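Visitor: Pick one part of this structure and take me through it slowly, please. After that, I'd like to see how its surroundings fit together.

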Amino acid sequence: MPVVREEFGPTLPELVGRLLGVRTRAVWLALAAIGAVAVAVVAWLSLRSDPNESTVVVREPVTYNLIYPDALRRVTPRSGETLRLESRSGPPQSFVVHPLRLAPYKGDVTAALTFMSARLIDEMRGQYQDFVWRGDGRVNINKQPGYQIIFQAHVDGHTTYGRRVMLVAKPDPPPREGVDLTILAARSPSVPNLDSVGATGALKTAYRSLRFGADRP
(Lines give C-alpha, C1' and ligand atoms only; values in the text may rest on other atoms or scores of the structure.)
Protein backbone atom coordinates (compact mmCIF):
# COMPACT_ATOMS: atom_id res chain seq x y z
CA MET A 1 0.00 0.00 0.00
CA PRO A 2 1.61 3.37 -0.95
CA VAL A 3 2.62 5.73 1.85
CA VAL A 4 1.38 8.81 -0.06
CA ARG A 5 -1.50 9.32 -2.43
CA GLU A 6 -0.72 8.69 -6.11
CA GLU A 7 -1.45 12.27 -7.20
CA PHE A 8 1.39 13.50 -5.03
CA GLY A 9 3.89 11.33 -6.89
CA PRO A 10 6.62 9.01 -5.59
CA THR A 11 8.37 9.57 -2.26
CA LEU A 12 12.02 10.62 -2.01
CA PRO A 13 13.19 7.05 -1.18
CA GLU A 14 11.28 5.75 -4.23
CA LEU A 15 12.93 8.33 -6.50
CA VAL A 16 16.38 7.54 -5.10
CA GLY A 17 15.69 3.85 -5.50
CA ARG A 18 14.75 4.28 -9.15
CA LEU A 19 17.86 6.37 -9.88
CA LEU A 20 20.18 3.90 -8.17
CA GLY A 21 18.35 0.79 -9.27
CA VAL A 22 17.79 -0.51 -5.72
CA ARG A 23 14.70 -1.45 -3.75
CA THR A 24 12.82 1.29 -1.87
CA ARG A 25 13.20 -0.71 1.34
CA ALA A 26 16.98 -0.55 1.00
CA VAL A 27 16.81 3.22 0.59
CA TRP A 28 14.66 3.52 3.71
CA LEU A 29 17.17 1.44 5.67
CA ALA A 30 20.05 3.58 4.41
CA LEU A 31 18.25 6.80 5.38
CA ALA A 32 17.48 5.36 8.81
CA ALA A 33 21.15 4.49 9.29
CA ILE A 34 22.18 8.00 8.28
CA GLY A 35 19.65 9.44 10.72
CA ALA A 36 21.00 7.26 13.54
CA VAL A 37 24.54 8.43 12.84
CA ALA A 38 23.40 12.06 12.82
CA VAL A 39 21.68 11.64 16.19
CA ALA A 40 24.83 10.02 17.63
CA VAL A 41 26.99 12.90 16.37
CA VAL A 42 24.67 15.51 17.89
CA ALA A 43 24.68 13.65 21.20
CA TRP A 44 28.48 13.44 21.17
CA LEU A 45 28.82 17.15 20.46
CA SER A 46 26.43 18.01 23.30
CA LEU A 47 28.42 15.89 25.76
CA ARG A 48 31.86 17.01 24.63
CA SER A 49 33.48 19.40 27.08
CA ASP A 50 33.92 22.99 25.98
CA PRO A 51 37.64 23.67 25.33
CA ASN A 52 37.15 27.12 26.87
CA GLU A 53 35.93 25.68 30.16
CA SER A 54 37.57 23.70 32.96
CA THR A 55 36.10 21.26 35.45
CA VAL A 56 37.29 21.25 39.04
CA VAL A 57 36.58 18.60 41.68
CA VAL A 58 37.13 19.36 45.37
CA ARG A 59 37.01 16.28 47.59
CA GLU A 60 37.67 17.50 51.14
CA PRO A 61 36.03 18.16 53.50
CA VAL A 62 32.91 18.21 51.31
CA THR A 63 33.03 16.76 47.80
CA TYR A 64 31.68 18.96 45.02
CA ASN A 65 32.45 19.85 41.43
CA LEU A 66 31.79 22.72 39.05
CA ILE A 67 32.74 24.17 35.68
CA TYR A 68 34.33 27.57 35.16
CA PRO A 69 35.19 29.44 31.93
CA ASP A 70 38.56 30.83 30.86
CA ALA A 71 37.43 34.28 31.95
CA LEU A 72 38.11 33.05 35.49
CA ARG A 73 41.34 31.56 36.83
CA ARG A 74 41.83 29.22 39.75
CA VAL A 75 44.15 30.67 42.38
CA THR A 76 45.51 29.40 45.69
CA PRO A 77 42.71 29.31 48.29
CA ARG A 78 43.14 31.47 51.36
CA SER A 79 42.83 30.21 54.91
CA GLY A 80 39.61 28.23 55.39
CA GLU A 81 38.73 28.21 51.68
CA THR A 82 38.47 25.11 49.51
CA LEU A 83 38.29 26.94 46.17
CA ARG A 84 38.96 30.44 44.88
CA LEU A 85 38.29 31.66 41.35
CA GLU A 86 39.11 35.20 40.21
CA SER A 87 38.57 37.16 37.00
CA ARG A 88 41.56 37.34 34.67
CA SER A 89 40.88 40.89 33.53
CA GLY A 90 38.35 43.69 33.68
CA PRO A 91 36.33 44.64 36.76
CA PRO A 92 37.20 42.38 39.73
CA GLN A 93 35.03 39.30 40.22
CA SER A 94 35.54 36.33 42.51
CA PHE A 95 33.94 33.02 43.44
CA VAL A 96 35.01 31.60 46.81
CA VAL A 97 33.93 28.39 48.53
CA HIS A 98 34.15 27.56 52.23
CA PRO A 99 32.94 24.30 53.79
CA LEU A 100 29.64 24.51 55.66
CA ARG A 101 28.78 22.50 58.76
CA LEU A 102 25.40 22.79 60.47
CA ALA A 103 24.76 22.13 64.14
CA PRO A 104 22.06 19.54 64.93
CA TYR A 105 18.58 20.87 64.17
CA LYS A 106 15.00 19.77 63.71
CA GLY A 107 12.67 20.45 60.82
CA ASP A 108 13.44 21.93 57.42
CA VAL A 109 17.09 22.66 56.66
CA THR A 110 16.32 26.07 55.17
CA ALA A 111 14.80 27.09 58.52
CA ALA A 112 18.13 26.28 60.15
CA LEU A 113 19.95 28.26 57.46
CA THR A 114 17.61 31.20 58.00
CA PHE A 115 18.60 31.42 61.66
CA MET A 116 22.27 31.06 60.69
CA SER A 117 21.99 33.92 58.18
CA ALA A 118 21.14 36.44 60.92
CA ARG A 119 24.48 35.73 62.60
CA LEU A 120 26.35 35.80 59.29
CA ILE A 121 24.89 39.20 58.36
CA ASP A 122 26.21 40.65 61.63
CA GLU A 123 29.64 39.17 60.91
CA MET A 124 29.64 40.58 57.37
CA ARG A 125 28.96 44.09 58.67
CA GLY A 126 32.37 43.97 60.31
CA GLN A 127 34.04 42.18 57.38
CA TYR A 128 33.10 44.52 54.52
CA GLN A 129 33.45 48.28 54.26
CA ASP A 130 30.12 50.09 53.82
CA PHE A 131 28.23 46.81 54.02
CA VAL A 132 24.53 47.09 53.11
CA TRP A 133 22.16 44.14 53.43
CA ARG A 134 19.81 44.02 50.44
CA GLY A 135 17.83 40.86 51.06
CA ASP A 136 17.88 37.15 51.77
CA GLY A 137 15.82 34.07 51.03
CA ARG A 138 15.72 30.47 49.88
CA VAL A 139 17.49 29.21 46.79
CA ASN A 140 17.71 25.91 44.95
CA ILE A 141 20.66 25.12 42.69
CA ASN A 142 20.50 21.88 40.72
CA LYS A 143 17.87 20.56 43.15
CA GLN A 144 20.17 21.36 46.08
CA PRO A 145 18.43 23.45 48.76
CA GLY A 146 20.02 26.50 50.28
CA TYR A 147 19.73 30.06 51.50
CA GLN A 148 21.26 33.28 50.18
CA ILE A 149 22.19 36.72 51.45
CA ILE A 150 22.31 39.60 48.94
CA PHE A 151 24.47 42.58 49.81
CA GLN A 152 26.43 45.57 48.63
CA ALA A 153 29.80 46.79 49.90
CA HIS A 154 32.97 48.70 49.05
CA VAL A 155 35.79 46.28 48.17
CA ASP A 156 39.25 47.44 47.07
CA GLY A 157 37.92 50.81 46.02
CA HIS A 158 35.00 49.40 43.99
CA THR A 159 31.29 49.43 44.61
CA THR A 160 30.73 45.70 44.74
CA TYR A 161 27.65 43.51 44.65
CA GLY A 162 27.69 40.23 46.52
CA ARG A 163 25.76 37.02 46.88
CA ARG A 164 26.49 34.66 49.77
CA VAL A 165 24.90 31.25 49.29
CA MET A 166 24.76 28.31 51.67
CA LEU A 167 23.97 25.03 49.91
CA VAL A 168 23.54 21.59 51.45
CA ALA A 169 23.68 18.11 49.98
CA LYS A 170 20.05 17.02 49.74
CA PRO A 171 20.48 13.21 50.08
CA ASP A 172 21.49 13.39 53.73
CA PRO A 173 18.44 13.12 56.06
CA PRO A 174 18.72 15.77 57.49
CA PRO A 175 21.68 17.37 55.68
CA ARG A 176 24.43 18.68 57.96
CA GLU A 177 27.20 19.47 55.49
CA GLY A 178 27.46 21.70 52.46
CA VAL A 179 29.24 24.68 50.97
CA ASP A 180 29.29 28.38 51.79
CA LEU A 181 29.73 30.41 48.59
CA THR A 182 30.69 34.06 48.35
CA ILE A 183 30.28 35.60 44.90
CA LEU A 184 31.56 39.15 44.42
CA ALA A 185 31.46 41.38 41.34
CA ALA A 186 32.45 45.02 41.03
CA ARG A 187 29.76 47.19 39.48
CA SER A 188 30.22 47.38 35.70
CA PRO A 189 28.16 47.44 32.49
CA SER A 190 27.93 43.63 32.64
CA VAL A 191 27.03 43.65 36.35
CA PRO A 192 24.89 46.77 36.75
CA ASN A 193 22.92 45.63 39.80
CA LEU A 194 22.58 43.00 42.50
CA ASP A 195 20.42 40.70 40.40
CA SER A 196 23.27 40.31 37.89
CA VAL A 197 25.69 38.67 40.34
CA GLY A 198 25.92 35.00 39.43
CA ALA A 199 23.16 35.43 36.84
CA THR A 200 25.30 36.58 33.90
CA GLY A 201 28.82 36.14 32.60
CA ALA A 202 31.60 33.94 33.91
CA LEU A 203 30.29 33.74 37.47
CA LYS A 204 27.00 32.28 36.24
CA THR A 205 28.76 29.21 34.80
CA ALA A 206 30.56 28.45 38.06
CA TYR A 207 27.50 29.12 40.22
CA ARG A 208 24.92 27.25 38.17
CA SER A 209 27.14 24.23 37.52
CA LEU A 210 28.00 23.44 41.14
CA ARG A 211 26.97 19.96 42.23
CA PHE A 212 27.80 17.82 45.22
CA GLY A 213 29.80 14.68 44.53
CA ALA A 214 32.66 14.06 42.12
CA ASP A 215 30.65 13.18 38.98
CA ARG A 216 29.06 15.42 36.41
CA PRO A 217 25.55 14.37 35.21
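Guide: Asp156 sits in the loop between strand E7 (144-155) and E8; here strands are DSSP runs of E with at least two residues, helices are runs of H or I with at least four, and both are numbered from the N terminus. This is a predicted model, with residues numbered from 1 along each chain as its sequence is written, so local features need pLDDT of at least 70, side-chain atom pairs count only at pLDDT 80 or more, and totals for chains, interfaces and linings use all residues. Side-chain values use heavy atoms, with hydrogens and water left out.

What catches the eye at Asp156 is its backbone: phi is positive, about 50 degrees, although the residue is not a glycine. Most residues other than glycine have a negative phi, and most peptide bonds are trans. With 74% relative accessibility, Asp156 counts as exposed, the cut-offs being under 20% relative accessible area for buried, over 50% for exposed and partly exposed in between, with a 1.4 Å probe and protein chains only. Asp130 also has a positive phi, near 55 degrees, and is not a glycine either, but Asp130 lies in strand E6. For a cis bond, go to Glu60-Pro61, where omega is near -5 degrees; Pro61 is in the loop between E1 and E2.

Now look at what is around the Asp156 loop. Val155 is among the residues closest to the centre of the largest pocket, along with Arg78, Arg84, Ser94 and Leu184, out of 21 that line it. The volume of this pocket is about 470 Å³. A pocket here is an open set of points on a 1 Å grid where a 1.4 Å probe fits, with protein on both sides within 12 Å along at least five of seven lines, and lining residues have an atom within 4 Å of a point; the volume is the space filled by probe spheres on those points, joined across faces, edges and corners. E8 (158-168) supplies at least two lining residues, and so do E4 (83-87), E5 (93-101) and E9 (177-186). The second largest pocket holds about 160 Å³, and its lining includes Ser87, Gln93, Ser188 and Gly201.

E4, E5, E8 and E9 turn up again in the largest nonpolar core, to which E1, E2, E6 (129-141) and helix H4 (201-209) also give at least two residues each. That core has 31 residues, and Tyr64, Leu66, Phe95, Leu167 and Leu181 have the most contacts inside it; a core is a set of buried Ala, Val, Leu, Ile, Met, Phe, Trp, Tyr and Cys residues joined through side-chain atoms within 4.5 Å. Leaving aside neighbours within four places in sequence, Phe95 is in contact (heavy atoms within 4.5 Å) with a list that includes Leu66, Leu83, Leu181, Ile183, Leu203 and Tyr207. Another core lies apart from this one, with 19 residues, among them Leu102, Met116, Tyr128 and Val168.

Follow Tyr64 and Leu66 into E2 (residues 64-69): 6 of its 6 residues are buried, so the strand is largely enclosed by the rest of the structure. Tyr64, Leu66 and Tyr68 are buried on one side, and Asn65, Ile67 and Pro69 are buried on the other. E2 runs antiparallel to E1 (residues 53-58), joined by 6 bridges, with Thr55 partnering Ile67, and the two form a hairpin with 5 residues between them. E2 is also antiparallel to E10 (residues 211-212), through 2 bridges, and there Asn65 stands opposite Arg211. For strands to count as paired, DSSP has to find at least two bridges between them.

Two polar or charged stops are worth making too. Glu81, in the loop between E3 (72-75) and E4, is buried at 13% relative accessible area. Glu81 touches Val96, Val97 and His98, not counting residues up to four places away in sequence. Glu81 and His98 are 17 residues apart in sequence, yet 4.7 Å apart in space, C-alpha to C-alpha. Ser117 belongs to helix H3 (residues 109-127) and is buried at 4%. Beyond its neighbours within four places in sequence, Ser117 is in contact with Tyr147, Ile149 and Met166.

Stepping back, the chain has 4 helices and 10 strands, and buried residues make up 41% of its 217 residues.
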